[in-house]
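Reader: I'd like to learn how to read a model like this one. Could you walk me through it?

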Amino acid sequence: MAEALLNWKGGGRFHAESAGSRPAERVNPHAIETLREYNVTWSAHAPRTIDGLERERWDFVVTVCDRAKEACPIFPGQPILAHWGMPDPADVAGDDAIKQAAFKDAFLLLSRRIDLLLALPIEKLERLALEARLRAIGGTTGERPG
């Protein structure tokens, strides 16, 4: 969902790719339904592993689950790294309504964090300041200030 959200909200400003340390065989139907519910364009590709991505140059690498953070390879070009930890909605047990609610919660949290990323004056910040701000986004919740 993060890949689809950033590519959609970023409007060409970013090119996001998503991969997992142990990806599922197929994209979770609840993730697809959540993207549809919010009219987010999704490219409908199968989940990918991180294998091979470490040979590509990235400006930013953001992990969203602890398994990915622990298995994150070394990337060339020293990209800015951040961890936006959150519960994996695919791990939620219960009926379809409970599972769908978990995916919606994850979507809203990712959406809020991506909004914060897109609001950063990336071109004006020095590398260390940018990295600190990108990492700080990982501590935000899905709640908008009142």
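Author: Sure, let's start with polar contacts. A polar contact is a pair of N or O atoms within 3.5 Å; within protein, one must be able to donate a hydrogen and the other to accept it, and residues adjacent in sequence count only if both atoms are side-chain atoms. Here, the side chain of glutamate 131 reaches the backbone nitrogen of leucine 81 at 3.3 Å. A word on the ground rules: this is a predicted model, where local features need pLDDT of at least 70 and side-chain atom pairs count only at pLDDT 80 or more, while totals for chains, interfaces and linings use all residues. Residues are numbered from 1 along each chain as its sequence is written, and side-chain values use heavy atoms, with hydrogens and water left out.

Reader: Which helix holds glutamate 131, and is that residue buried or exposed?

Author: Helices (H or I, at least four residues) and strands (E, at least two) are DSSP runs, numbered from the N terminus. Glutamate 131 belongs to helix H5, residues 127–137. Buried means under 20% relative accessible area, exposed over 50%, and partly exposed in between (1.4 Å probe, protein chains only). With a relative accessible area of 13%, glutamate 131 is buried. Contact means heavy atoms within 4.5 Å, and, leaving aside neighbours within four places in sequence, glutamate 131 is in contact with Ile80 and Leu81.

Reader: What does glutamate 3 touch?

Author: Glutamate 3 sits in helix H1 and is buried, with a relative accessible area of 13%. Not counting residues up to four places away in sequence, glutamate 3 touches Ala16, Glu17, Ser18, Ser43, His45 and Arg48.

Reader: How do I read the way H1 and H4 cross?

Author: Axes are lines fitted to C-alpha atoms, for helices over the stretch in contact, and angles run from 0 to 180 degrees between N-to-C directions. The axes of H1 (residues 2–10) and H4 come within 10 Å and cross at roughly 40°. That makes H1 oblique to H4: angles under 35 degrees count as roughly parallel, over 145 as roughly antiparallel, 65 to 115 as roughly perpendicular and the rest as oblique. As for handedness, a crossing is left-handed if the near helix is turned anticlockwise from the far one by less than a right angle, and right-handed if clockwise. H1 passes H4 in a right-handed crossing. On the H1 side, Ala2, Leu5, Leu6, Lys9 and Gly10 meet H4 residues including Phe107, Leu110 and Ile114.

Reader: And at what angle do H2 and H4 cross?

Author: Their axes come within 9 Å and cross at roughly 60°, so H2 and H4 are oblique to each other. H2 passes H4 in a right-handed crossing. Among the residues making the contact are Glu33 and Thr34 of H2, with Gln100 and Phe103 of H4. Glutamate 33 and glutamine 100 are 67 residues apart in sequence and 8.2 Å apart in space, C-alpha to C-alpha. At 36% relative accessibility, glutamate 33 counts as partly exposed.

Reader: Which residues of H2 are buried?

Author: They are His30, Ala31, Ile32, Thr34 and Leu35, and they pack against H1 and H4. At the start of H2, a side-chain oxygen of asparagine 28 reaches to within 2.8 Å of the backbone nitrogen of histidine 30.

Reader: What does the start of H4 look like?

Author: There, a side-chain oxygen of aspartate 95 reaches to within 3.2 Å of the backbone nitrogen of alanine 97.
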